[in-house]
Amino acid sequence: MSRITRRTASSRTIEAHTGTHIFEIDDYSQKKGSTDVGKFIRSSTFTVGGFDWSTCFYPNGNDDVTMHYIIVFLELMSSDVELRAHYNIQFIGGDDVVKDSMISWYSTGMRLFNSSNLMKGGEYRPRHRRLQ
């Protein structure tokens, strides 16, 4: 009896996209002082990889537990889609610190985003004192 050996192989190229969005908040100290806990400032919508995104910035946290933190969510705005993404958040100094110096940085691992996810992606929470 003869033995038949079969070998198979396959490959797949996963398309990756990169982009940068700068969300500048003028007069940060005043906005922080006039924004209630749980209220956010939304960036304009931007497109990366054919999908629409925005950033939600909570200068005084999104609830009483996080009121001493800044919360940042990356939100998938495109409808009826599920995808994975990795992103970085950087806070760049303004008038009160050395202009254009990076004062805080955060990088996520791969995150699942979908249009029905209430968390809207990841969050970052530096303490207020680092960004004032």
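Buried means under 20% relative accessible area, exposed over 50%, and partly exposed in between (1.4 Å probe, protein chains only). Strands (E, at least two residues) are DSSP runs, numbered from the N terminus. The model is predicted: local features need pLDDT of at least 70, side-chain atom pairs count only at pLDDT 80 or more, and totals for chains, interfaces and linings use all residues. Residues are numbered from 1 along each chain as its sequence is written, and side-chain values use heavy atoms, with hydrogens and water left out.

**Exercise 1.** State how many residues of β3 are buried.

Solution. Take β3 as residues 51-58. Of its eight residues, six are buried, so by the definition each of the six has under 20% relative accessible area.

**Exercise 2.** Find the strands that pair with β3, where pairing requires that DSSP finds at least two bridges between two strands.

Solution.
1. β1 (residues 41-42) runs antiparallel to β3 and is joined to it by two bridges; arginine 42 has cysteine 56 as its partner.
2. β2 (residues 46-48) is also antiparallel to β3, with three bridges; here phenylalanine 46 is matched with tryptophan 53.
3. β4 pairs with β3 in the antiparallel sense over six bridges, and tyrosine 58 stands opposite isoleucine 71 in β4.

**Exercise 3.** Describe the largest nonpolar core (buried Ala, Val, Leu, Ile, Met, Phe, Trp, Tyr and Cys residues joined through side-chain atoms within 4.5 Å).

Solution.
1. This core has 16 residues, and Trp53, Phe57, Leu83 and Phe113 have the most contacts (heavy atoms within 4.5 Å) inside it.
2. β3, β4, β5 and β6 each supply at least two of its residues.
3. β4 gives the most, with three.

Technical notes. Helix = DSSP H or I, 4+ residues; strand = E, 2+ residues; numbered from the N terminus. Pairing = 2+ DSSP bridges.
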